[in-house]
Amino acid sequence: MHRFANPARFQRLSAAILPWTAGATVILLIVGLYISLIGSPRDYQQGDTVRIMYIHVPAAWMSLFVYVNMAIAAACGLVWKHPLADLFAKAAAPVGAGFTLICLVTGSLWGAPMWGTWWVWDARLTSVLILFFLYLGYMALVNAFDDPQRGTRAGNVLLLVGIVNVPIIKFSVDWWNTLHQPASVIRMGGPTIDGSMLVPLLVMALGFTAYFITVVLLRLRAEIVQRKIQTMRLTEAQG
Amino acid sequence: MAEFFAMGGYAAYVWSSYGLAALVMVGLLVATLKALRGAETTLKALEGSRPPRRRRARNGAAASPAAEVGEG
């Protein structure tokens, strides 16, 4: 892992990877949108609102996936002072917050016609809202210090404390009574969802993952350039 | 075609879901690209305004042995 800790090497490596992840994002999302909107059947109970699932569920998966990755990076940043780990968490946070926002709003737009309510304060919805605030809190905290290193350290601690929320989100539908349905894809005994709906779901999830990798690589490049500018300005100021 | 856009009467819910997802994802991508371009331009301007210290040091290191040879 430490071989990739060198920012100059990272810049070269990411330049080689980016065209592939960007291409994969475009292809996966075009195919995914086609089968979600046209190539898949409507639900016999929910009609066409089931198509909201192909955005809502992958966005929910991503909101957790991104958070777990950020928490792992935070641990690496705190333990090994890994320079790219701190930058990764900072670069990924807005993307994770974006996916959480998409998950919350599409959930609301799906709940309104199907549950008859936009929002309920139950365990699943509330814990995802807390996840959204964790993302926002992390972003605010990291930028709240004059010294960027103190900011990332405080942010990393917040990320590690907030990880307790991840299993709460995952198991909230089993532990408490809720309007939200229990897991139907990632569960013991295999998915209980038909293949014609599982395929668009997985293609969209892959598309979102490719999008995440692409945008994070771009943001990391920008962060590294920003750090270089900071050091140049500092050495200039010190003569 | 009209039937496709009607989404079985749920057009408002389905299309606003897809629209919001597109808005957030494209918006983030555009903001990221803008930040990257901006940072790269600033760095180029900074590097152009004065020669980087390391290269100056290297030139100095390369110049001194030559000078010694010249003296010798």
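## Overall fold

Following the sequence of chain A from start to end, you will meet the pattern α-α-α-α-α-α-α. That amounts to seven helices and zero strands in chain A. Please keep in mind that this is a predicted model. Along the principal axes, the C-alpha atoms of chain A occupy a box of roughly 70 × 35 × 30 Å.

## Helix 2 against helix 4

Let's start with a pair of helices inside chain A. Helix 2 (residues 53-80) and helix 4 (residues 123-142) of chain A have axes that come within 11 Å and cross at roughly 40 degrees. Because of that angle, helix 2 of chain A counts as oblique to helix 4 of chain A. The crossing of helix 2 of chain A past helix 4 of chain A is left-handed.

Which residues make this contact? From helix 2 of chain A come Ser63(A), Leu64(A), Val66(A), Tyr67(A) and Met70(A), while helix 4 of chain A brings Leu131(A), Leu134(A), Tyr135(A) and Tyr138(A). Sorted by class, the residues of this contact between helix 2 and helix 4 of chain A are eight nonpolar, one polar and no charged.

## Helix 3 against helix 7

Another pair to look at is helix 3 (residues 83-114) and helix 7 (residues 195-237) of chain A, which pack at an angle of about 135 degrees with their axes 9 Å apart. Helix 3 and helix 7 of chain A are therefore oblique to each other. Here the crossing is right-handed.

On the helix 3 side of chain A, the residues in contact are Leu84(A), Leu87(A), Phe88(A), Lys90(A), Ala91(A), Ala92(A), Pro94(A), Val95(A) and Phe99(A). Their partners in helix 7 of chain A include Phe208(A), Tyr211(A), Phe212(A), Val215(A) and Val216(A), as well as Arg219(A), Glu223(A) and Arg227(A). The contact of helix 3 with helix 7 of chain A holds 15 nonpolar, no polar and four charged residues.

## The interface with chain B

Now for the meeting of the two chains: 42 residues of chain A are in contact with 30 residues of chain B. Together, chain A and chain B bury about 3100 Å² between them, with carbon and sulfur atoms giving 77% of that area.

Which three residues supply more than any other three of the area that chain A buries against chain B? They are Leu37(A), Tyr211(A) and Met232(A), which supply 19% of it. Tyr211(A) is a residue to revisit, as it also belongs to the contact of helix 7 with helix 3 in chain A. As for salt bridges, the rule finds zero across the interface of chain A and chain B.

Note on methods:
Residues are numbered from 1 along each chain as its sequence is written. Chains are lettered from A and ligands numbered from 1 in the order in which they are written. This is a predicted model: local features need pLDDT of at least 70, side-chain atom pairs count only at pLDDT 80 or more; totals for chains, interfaces and linings use all residues. Side-chain values use heavy atoms; hydrogens and water are left out. Axes are lines fitted to C-alpha atoms, for helices over the stretch in contact, and angles run from 0 to 180 degrees between N-to-C directions. Helices (H or I, at least four residues) and strands (E, at least two) are DSSP runs, numbered from the N terminus. Angles under 35 degrees count as roughly parallel, over 145 as roughly antiparallel, 65 to 115 as roughly perpendicular and the rest as oblique. A crossing is left-handed if the near helix is turned anticlockwise from the far one by less than a right angle, and right-handed if clockwise. Contact means heavy atoms within 4.5 Å. Ala, Val, Leu, Ile, Met, Phe, Trp, Tyr, Cys and Pro count as nonpolar, Asp, Glu, Lys and Arg as charged, and the others, Gly among them, as polar. Buried area is the accessible area (1.4 Å probe) that two parts lose on being put together, summed over both. A salt bridge is a side-chain nitrogen of Lys or Arg within 4 Å of a carboxyl oxygen of Asp or Glu.
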